[in-house]
Amino acid sequence: MDHLTEKFIKSEVVFNGSLLTVRRDTVELPNGKPATRELVEHPGAVAVVPVRSDGKVLLVRQYRYPVGRLTLEIPAGKLDQGEKPEDCAKRELEEETGYQAGKLRRLSAVLTTPGFTNELIHLYVAEELVLKERHPDEDEFIDVEVFSPDEIRTMIENGALCDAKTLLGLLLAGL
């Protein structure tokens, strides 16, 4: 597959923030010509589909500044340095919803948009939920809402649910 591979030449950090780094790389294309690639380095993340014993699903509603609106999503968050995805999934579930999972099952891991970022999101389904205490991050303002699978299907059909990780997580969880 070398006839498809681009070879790294050099890299320049354009921005280095607390969440992500933006780089401009120079590569050599398979035909030998140079090209520029702009990419966002991301530490990776998890997303969890929390399913209650009655089959209803917990979603979080929050304001997402980049799109300028409220969204409904499955609980999610970025991996801390050296953190295992399963540990992050447990942490994010409890932080955002107040629930602990008696059973946590890995669904998949997906590259969100490999055209410009290396972000990999690990998807899980959480079952046998036990309510404990919510403790969102200082900068997180989240409402937890509960929906039946029928309500979720309707929200997908009418565009109320449009977050990619949420849609994929729900699909892979069989909802």
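Select strands β8 and β9 in this predicted model. β8 and β9 run antiparallel to each other and are joined by 11 bridges. To see one of these pairs, show R105 together with V125, its bridge partner in β9.

Next, add β7 and β4 to the selection. These strands, with β9 and β8, make an open sheet of 4 strands in the order β7-β4-β9-β8, and the pairing is mixed. β7 and β8 (99-111) are the edge strands; each has a single partner, so one side of each has no neighbour in the sheet. Looking across the strands, you should find a twist that averages 25 degrees from one strand to the next. Strands of a sheet pair through backbone hydrogen bonds, in either a parallel or an antiparallel sense.

Now move to the N-terminal hairpin. Select residues 7-16 for β1 and residues 21-28 for β2; the two strands are antiparallel and are joined by 8 bridges. The hairpin connects β1 to β2 through 4 residues. Show the side chains of E12 and R24: E12 stands opposite R24 in β2. Is β1 buried or in the open? Of its 10 residues, the number buried is 0, so β1 lies largely in the open.

Go on to helix α3, residues 164-172. Colour K165, T166, G169 and L170, the buried residues of this helix. They lie on the same side of α3, because the arc they cover around the axis is only 125 degrees. Then turn to the face directed away from that buried side, where A164 and L171 are exposed. Just after α3, pick G174, which has a positive phi of about 85 degrees.

The last stop is the largest pocket, which holds about 1,500 Å³ of space. Which residues come closest to its centre? Of the 40 residues in the lining, they are L19, R64, E73, E119 and K165. K165 has already appeared on the tour as one of the buried residues of α3.

To follow the pocket wall by element, select these in turn, each of which gives two or more residues to the lining:

- strands β4 (45-50), β5 (57-64), β6 (69-73) and β7 (76-78)
- helix α1 (85-97)
- strand β9 (120-131)
- helix α3

β7, β4 and β9, listed here, are also strands of the open sheet shown earlier. Finally, colour the lining by residue class: 18 of its residues are nonpolar, 8 are polar and 14 are charged.

Key: Residues are numbered from 1 along each chain as its sequence is written. This is a predicted model: local features need pLDDT of at least 70, side-chain atom pairs count only at pLDDT 80 or more; totals for chains, interfaces and linings use all residues. Side-chain values use heavy atoms; hydrogens and water are left out. Buried means under 20% relative accessible area, exposed over 50%, partly exposed in between (1.4 Å probe, protein chains only). The arc is that of the directions from the helix axis to the C-beta atoms. On a 1 Å grid over the protein atoms alone, a cavity is a set of points where a 1.4 Å probe fits but cannot get out, and a pocket is an open set with protein on both sides within 12 Å along at least five of seven lines; lining residues have an atom within 4 Å of a point. Grid points are joined across faces, edges and corners, and a volume is the space filled by probe spheres set on the points. Ala, Val, Leu, Ile, Met, Phe, Trp, Tyr, Cys and Pro count as nonpolar, Asp, Glu, Lys and Arg as charged, and the others, Gly among them, as polar. Two strands pair if DSSP finds at least two bridges between them. Axes are lines fitted to C-alpha atoms, for helices over the stretch in contact, and angles run from 0 to 180 degrees between N-to-C directions.
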